[in-house]
Amino acid sequence: VSDHWLTGAPIVQLLVFALTWFVGAFGVYGLVPIDRRLDRKPGALSAFIAFGASTALVVLATVAMYVNWWFGVRLAVHAALLGIYVLLGVHGLIRLRANWIQWGEVDRRTIRRRALLLACVLVPALLIMAPAATTPYIYGDDDAYHVSLLRYWFQEQQLDRVAFHSYFVFPLLSSAIAALFVPITGLQSAKLVQLAFVVTAALGIYGVVLLTTGRQSLALIAAFLYETLPVHFMWAFAAMADRATGCLMTLGVSIWLLAPLAGATVTVLASALLLAAATAVKQQGAFALVGLAPLVWIASRSRGHSAPQRLALAGLAVLVCAFVLLPWYGRAYWITGNATFPMRPRADDTLLTPAQRQLWSGSVLEPDLTRVTTLIEQLYAYSTDRFNDATNPALLILLPVIIVAALYHRDRFPRGTRELVSLVVLYLLLLALMSLFFAPGVRVNRSTVWSAGRYRTFLYPAHGSLFVFAAVCCAAVGLRTRGTRVLAAATVGILLAQTVNLTAYLRWAVPPFVGLQSSEQYLAEFHSLGEDLVTARQVLSDRDRIALDRHRTQINVPGHIVPTTRLLGEVYSTTRTLAPPATCAGPGDLKTWLVAHRLDAIVTSTEPCPAAAHWPRDAALEVTVGRELVIARLSRK
Amino acid sequence: VAWLDLNVNDAGENGHWSPTAERVWIAWTAIVAILWALWYLTVPTVQSLLRFAEKIGRTP
């Protein structure tokens, strides 16, 4: 299996993945009764695709997690669940075809034109981001947990046997969604899933704005603004899960605008599912999820439900949230006694060493009011030391329209706007409050905490909902033709400016499938251990049991991998992590250690083994010394 | 793109914000977009290009 994960033509992986995601997205459409499909409403099909893909994948990935939890992690189970996703999608497409035949030629032509136009708006940026999503993994966090844990799940065939990694019960729903696609696209699916979430959210924004306002220009502009956020360009080469959170939050909040069409029950339950899913991807999703509780009550009361009906709806929403959150926070509590393990561990925790308990325990600072301005600064700051993911000025441009609409044209807001705004405002308020505690700097126990760029990571998921609200505001103030043209021109101008800059950043390099650069050449150029990793892939095989003793090696080395505490460091190690060789003065040290731990090889570095390049040849141990890595393998003879 | 709209009608001005307000907002949009683009194309882009040039220079 892992051989398949590490190879395969990127263009084929991309096309197969995109086709599977897109076909399955029609599943919910096929399940909805014919009178609820809103077929003739512009934007309905886009909304169905976006909400269909995200809800179906959240449900199937959650089911997969329950199976993984109780019966072990099996590739066949994920393949079967992905098969269900595709089959439901095919069923939906058959229903759509049946409707399509019944529609008049004029309706069909209009839908085709709208779809073509939407594709023309979204595809150019996608052509820049998609190649980046097909490149080998080079990013630190992907190696640290987003993708490495996914690999460990399948390798160990049991979720909790991965307890040698402190994030083994961390909320990683987007990795679980990626796991559904592992049978067809291997570990690359973790990157492709994040790209697909960007496109899905853009489609959802387009559908919601068009359904709500009837203004296609605003729908296209809002979708385009979301798709071309700098964050999406900068993270296109990584599997960082923030894009999944962003999509799920955007859809979970925006669906309140569809409440008049979908009904209170569907809206509440879909919002609960999507916001709980956002919380299962990243903890900050909970900032929006807590806002749902009063809305459930208000929404059901305003629609004339009786008290028992309202209680039943609230109970259902709680059940939906519990269904999604249990495999993460519930499992964490069940296994470790701490729902947010390893954060703030208990004193009697046995999975962490005393030093690690101390490391994680000081996560709360005294509020630092001098940091309040940082929130604003971070929105538009440019950082030279990490991702240049500063947001663009789109929200600044739209702010006057939002203010005018909120002050003078509230009566023209569609139903559901109040709920959307209250969820976003609560998210931002809680974010601001928490940010006072998570100020960049040093924790009380002297370990470093959130980097300055963390604020942007927190603020980013609110962008989708804010773009939808801004579009609704533009419609409410009655933005004229000239104003709409200027907004579109500004949007394109912003994109052009940031594309020049982001291209100059050159993280994604030349797409491997263009043929000018192979995956191995990309890895050699952009990974800090590049050439050594390429060597490791040549020297080691999938049949080997390999100890990894140097950080940033967990994705690109083949075989059955076992991390050491030196690789995982204080943060990611537990008491169950393998201790590295005590000494590395000669081949004998490694040989004895490998035999004692029933391993075939170790990938360590020149730091613990400084003289490795000068070791005498040993018939029982094949040693390859690269620039930084030392690869020692027991002789196959 | 404005002609794409399905239910906007410039002839009916009821409920629209005033043309003056829209003109002010258009000016705001143009200023912010142009200033931001100029800054973005000069400071961060030049920094990125310098880093890239340095990287090429280091490559044997």
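Where is Arg598(A) found? Arg598(A) sits in the loop between helix 29 and strand 3 of chain A, and that loop is one of several places visited in the close-ups below, taken from a predicted model.

**Figure 1. An overview of chain A and chain B in the predicted model.** Let us begin with the whole chains. In chain A, the secondary structure comes to 29 helices and five strands, while chain B has one helix and zero strands. Of the 637 residues in chain A, 61% are buried; for chain B, with 60 residues, the figure is 28%. The exposed area of chain A is about 24,200 Å², with carbon and sulfur atoms supplying 64% of it. For chain B the accessible surface is about 3,900 Å², and 71% of that belongs to carbon and sulfur atoms. Taking the contacts in chain A between residues at least 6 apart in sequence, 73% of them join residues at least 24 apart.

**Figure 2. The open sheet of chain A, with helix 29 packed on it.** The sheet is built from five strands in the order 2-1-3-5-4, with mixed pairing. Its edges are strand 2 (560-563) and strand 4 of chain A, each of which pairs on one side only. From one strand to the next, the twist averages 20 degrees. Strand 1 (residues 545-548) and strand 2 of chain A run parallel and are joined by four bridges. If you would like one pair to look for, Leu548(A) has Pro563(A), in strand 2 of chain A, as its bridge partner. Helix 29 of chain A packs on this sheet, where it touches strand 1, strand 3, strand 4 and strand 5 (629-634) of chain A. The direction of helix 29 makes about 60 degrees with that of strand 5 of chain A.

**Figure 3. The disulfide between Cys584(A) and Cys609(A).** Over all chains, the count comes to one disulfide. The sulfur atoms of Cys584(A) and Cys609(A) are 2.0 Å apart, and the link is right-handed, with 100 degrees about the S-S bond. Cys584(A) lies in the loop between helix 28 (565-572) and helix 29 (587-596) of chain A, and Cys609(A) in the loop between strand 3 (601-605) and strand 4 (621-625) of chain A, so the pair ties together parts that are 25 residues apart in sequence. Both partners are under cover: Cys584(A) is buried at 9% relative accessibility, and Cys609(A) is buried at 1%.

**Figure 4. Two other cysteines, Cys473(A) and Cys120(A), in contrasting surroundings.** Why does the sulfur of Cys473(A) make no bond with the closest cysteine sulfur? That closest sulfur belongs to Cys474(A) and is 7.2 Å away, which is too far for a bond. Cys473(A) is buried, with a relative accessible area of 0%. Cys120(A), by contrast, is exposed, at 52%.

**Figure 5. Helix 10 of chain A and the glycine that follows.** Helix 10 (residues 189-213) has 25 residues and reaches 35 Å from its first C-alpha to its last, close to the 36 Å expected at 1.5 Å a residue. Of those 25 residues, 23 are buried, so helix 10 of chain A is largely enclosed by the rest of the structure. Just after the helix comes Gly214(A), which takes a positive phi of about 75 degrees.

**Figure 6. The surroundings of Asp242(A) in helix 13 of chain A.** Is Asp242(A) buried or exposed? Asp242(A) is buried, with a relative accessible area of 0%. This residue lies in helix 13 (residues 242-254). Leaving aside residues up to four places away in sequence, Asp242(A) touches Trp235(A), Lys282(A), Gln284(A), Thr457(A) and Tyr460(A).

**Figure 7. Backbone details in three loops of chain A.** The peptide bond from Phe341(A) to Pro342(A) is cis, with omega near 5 degrees; Pro342(A) lies in the loop between helix 18 (307-336) and helix 19 (354-361). Gln157(A), a residue other than glycine, has a positive phi near 55 degrees. Gln157(A) is in the loop between helix 8 (148-156) and helix 9 (173-185) and is partly exposed, with a relative accessible area of 41%. Lastly, we return to Arg598(A), whose phi is also positive, near 55 degrees. Arg598(A) is exposed, at 72% relative accessible area.

Notes: Residues are numbered from 1 along each chain as its sequence is written. Chains are lettered from A and ligands numbered from 1 in the order in which they are written. This is a predicted model: local features need pLDDT of at least 70, side-chain atom pairs count only at pLDDT 80 or more; totals for chains, interfaces and linings use all residues. Side-chain values use heavy atoms; hydrogens and water are left out. A disulfide is a pair of cysteine sulfur atoms within 2.5 Å. Helices (H or I, at least four residues) and strands (E, at least two) are DSSP runs, numbered from the N terminus. Buried means under 20% relative accessible area, exposed over 50%, partly exposed in between (1.4 Å probe, protein chains only). The expected span of a helix is 1.5 Å times one less than its number of residues. Contact means heavy atoms within 4.5 Å. Accessible areas come from the Shrake-Rupley method with a 1.4 Å probe; for residues, only the protein chains shown count as cover. Two strands pair if DSSP finds at least two bridges between them. Axes are lines fitted to C-alpha atoms, for helices over the stretch in contact, and angles run from 0 to 180 degrees between N-to-C directions.
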